[in-house]
Amino acid sequence: MDSKRGILIAGNWKMNLGPKGTQEFASHLRTNWKISLSDKTRAAISNGKLGAHVFPASISLAPAKEAFAGTSVSVGAQNVHYEEKGAFTGEISGPMLKEIGLEWTLVGHSERRQYFGETDESVRKRTESHLRQGFHVVFCFGETRSEREDGRTNSVLETQLSRGLPEKLSGSDVEKLVLAYEPVWAIGTGLTATPEQAEEAHEYTRNFLIDRYGREIAAKLKILYGGSVTPENIRGLLAQPNVDGGLVGGASLKPESFLSLLEGAGSLF
Ligand code: PEP
């Protein structure tokens with residue numbers, strides 16, 4: 001972790017935790033915040049060095065915004081269309097999120113790519129549109145197991161990054177764009193990438209960002225790692241110079257575990 005960039009812990013709740021579960025999660029977090037988090041971790045969160053984010057299902061967004069009000073946890077949406085309104089049954093839009101005060105979106109998750117037809121092209125449209133609308137965007141990418149076994153990891157990352165990311169970034173985009181390397185073979189499988197495997201992909205990504213946007217911008221962009229992150233393995237991953245946080249599925253669903261992830265990250269400051 002490069003301390004200048006800080007750390008971000010983002011919980012992707014996927015299709016879990018409805019409004020009731022969301023309220024229970026938030027209430028547990030409030031009660032245990034001071035008990036479970038050290039002074040150092042709470043200070044890192046208060047001074048903005050450590051970010052805490054959750055991405056609930058659409059139906060839980062408004063309840064989450066309310067339930068986490070006044071806490072340091074920010075709420076984002078897992079799936080937001082690139083158009084601002086219109087005939088797109090089942091989708092939600094940026095302006096709808098703004099109405100309830102949300103500032104974060106997630107794009108390009110491998111499950112959206114695999115099951116819901118997301119392509120690099122639609123990922124780029126969403127990324128550009130959300131940034132233009134002023135959202136912080138977590139842009140996910142990563143190779144499958146067979147792509148890795150065939151020795152194609154770097155070329156897959158190159159394709160997803162070059163096709164999915166905007167050609168240019170404005171100053172405010174640089175503040176708002178976050179990347180998340182998520183090897184598909186590690187998501188929900190318990191097969192976490194080793195810190196060395198993660199760093200190798202993150203370093204490749206950092207070099208791509210240098211080529212695309214220049215050294216100064218590339219140095220500012222956070223690259224999270226996602227794929228079976230747990231309170232037990234998070235410190236080793238975050239110790240890598242180009243790993244700036246975690247995008248966490250399963251281990252973010254229980255408030256105790258989410259707090260442990262924050263504490264693991266906080267202990268590195
Ligand atoms: C994810 O959904 O982005 C993810 C990384 O899931 P898990 O942590 O469960 O592997």
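## Around the ligand and inside the protein

Of the 14 residues around the ligand (a residue counts if one of its heavy atoms lies within 4 Å), Lys14, Glu182, Gly188, Ser228 and Gly249 come nearest. This is a predicted model, where local features need pLDDT of at least 70 and side-chain atom pairs pLDDT 80 or more, while totals for chains, interfaces and linings use all residues. Numbering runs from 1 along each chain as its sequence is written, and side-chain values use heavy atoms, with hydrogens and water left out.

Three side chains have polar contacts (pairs of N or O atoms within 3.5 Å) with oxygen atoms of the ligand:

| Side chain | Distance to a ligand oxygen |
|---|---|
| Glu182 | 2.6 Å |
| His109 | 2.9 Å |
| Asn12 | 3.1 Å |

On its own the ligand has 300 Å² of accessible area, and the protein covers 95% of that (Shrake-Rupley method, 1.4 Å probe). The shell splits into 4 nonpolar, 8 polar and 2 charged residues; here Ala, Val, Leu, Ile, Met, Phe, Trp, Tyr, Cys and Pro are nonpolar, Asp, Glu, Lys and Arg charged, and the others, Gly among them, polar.

What about empty space? There's 1 cavity of 30 Å³ or more, a cavity being a set of points on a 1 Å grid over the protein atoms alone where a 1.4 Å probe fits but cannot get out. The largest cavity has a volume of about 40 Å³, counted as the space filled by probe spheres set on the points. Its lining (residues with an atom within 4 Å of a point) includes His109, along with Gln78, Arg112 and Glu118. By class, that lining has 3 nonpolar, 4 polar and 3 charged residues.

Key:
Polar contact = N/O pair within 3.5 Å; in protein donor to acceptor, adjacent residues only side chain to side chain. 1 Å grid on protein atoms, 1.4 Å probe; cavity = no way out; pocket = protein on both sides within 12 Å on 5 of 7 lines; lining within 4 Å.
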